[in-house]
Amino acid sequence: MMRTVAAPSSLEMTIKRSRFIAHVARIDSQADTLAFYDSVADPAATHNCWAWKLGQQYRFNDDGEPSGTAGRPMLGAIEGKQADHVMVVVTRWFGGIKLGVGGLLRAYGGSAAKCLDHAGLFEVREQREYVIDAAFEWTGQVHAALQACDAEKLEETFQEAGLKIRLSVDATRSQKLKALLRDTTRGEVGLRSS
């Protein structure tokens, strides 16, 4: 299970006369990170700092801010929200007042966290597709097992030997579905990858 953003979002803040715009989007590859950065970074801004997390991979960049004061707290915001497949870019236009290390940490980390909240996170569950071939006598047991595991029937066809169902099920429930089918059909019905 993974938490990510539904759609790109932006949020603007002013902190001690510096203007910050945070942008967040879902990413599914490193190529996505480059494309998203290119789409939101402003070359005229003082800094375009960023952080992203994609499974076990992550990167961040301070873009000229003191080391560890921008990208790292932005990554911390992503991890703190338990988000994945997410990139945040925070663009800053310097307003003339130095924020200091603590101020920068709060500004970048806070901007990223607020933008993630503004975008809204939702859970994405991994789905697996299978096919069931079953004799007609097991129709009731098959349908009951699918319902018990919240499996979605994608296609159901009837053939001379019985029924064939193509389905999608949450990856965390696939073992339960296999066991239910085995136990309720005396081992005659199973799942095979589609």
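Student: Which residue in β6 stands opposite H47?

Tutor: R92 does. This is a predicted model: local features need pLDDT of at least 70, side-chain atom pairs count only at pLDDT 80 or more, and totals for chains, interfaces and linings use all residues. Numbering starts from 1 along each chain as its sequence is written, and side-chain values use heavy atoms, without hydrogens and water.

Student: What makes β4 and β6 a pair?

Tutor: Two strands pair if DSSP finds at least two bridges between them. β4 and β6 (residues 86-93) share seven bridges in the antiparallel sense, so the requirement is met. The strands themselves are DSSP runs of E, at least two residues long, and helices are runs of H or I with at least four, both numbered from the N terminus.

Student: How many bridges join β4 to β5?

Tutor: Five, and the two strands run antiparallel. W52 stands opposite R59 in β5 (residues 57-61). Two residues lie between the strands of this hairpin, where G55 takes a positive phi near 65°.

Student: Why is β4 called largely enclosed?

Tutor: Buried means under 20% relative accessible area, exposed over 50%, partly exposed in between, with a 1.4 Å probe and protein chains only. Eight of the eight residues of β4 (residues 47-54) are buried, so the rest of the structure largely encloses this strand. Both faces are covered: H47, C49, A51 and K53 on one side, N48, W50, W52 and L54 on the other. In a regular strand the side chains alternate between the two faces of the sheet.

Student: What makes β2 and β5 edge strands?

Tutor: Each pairs on one side only. The open sheet of five strands has the order β2-β3-β6-β4-β5, with antiparallel pairing. β2 is joined to β3 by seven bridges, and L11 stands opposite A22 in β3.

Student: Why is R26 counted as partly exposed?

Tutor: Its relative accessibility is 34%. That value falls between the buried and exposed limits, so partly exposed is the right label. R26 belongs to strand β3. Contact means heavy atoms within 4.5 Å. Leaving aside neighbours within four places in sequence, R26 is in contact with M2, T4, V5, H85 and V124.

Student: How do you know that the buried residues of α5 line one face?

Tutor: The buried residues of α5 (residues 174-184) are S174, L177 and L181. Seen down the helix axis, they fall within an arc of 60°, so they line one face. The arc is taken from the directions from the helix axis to the C-beta atoms. On the other side, Q175 and D183 are exposed. The cover over the buried residues includes β8, α4 and β10.

Student: Why is α4 called roughly antiparallel to α5?

Tutor: They pack at about 155°, with axes 9 Å apart. Under 35 degrees counts as roughly parallel, over 145 as roughly antiparallel, 65 to 115 as roughly perpendicular, and the rest as oblique. The α4–α5 angle is over the antiparallel limit, so the label holds. Axes are lines fitted to C-alpha atoms, for helices over the stretch in contact, and angles run from 0 to 180 degrees between N-to-C directions.

Student: Which residues in α4 meet α5?

Tutor: Q141, V142, A145, L146 and A148 do, against K176, L177, L180, L181 and T184 in α5.
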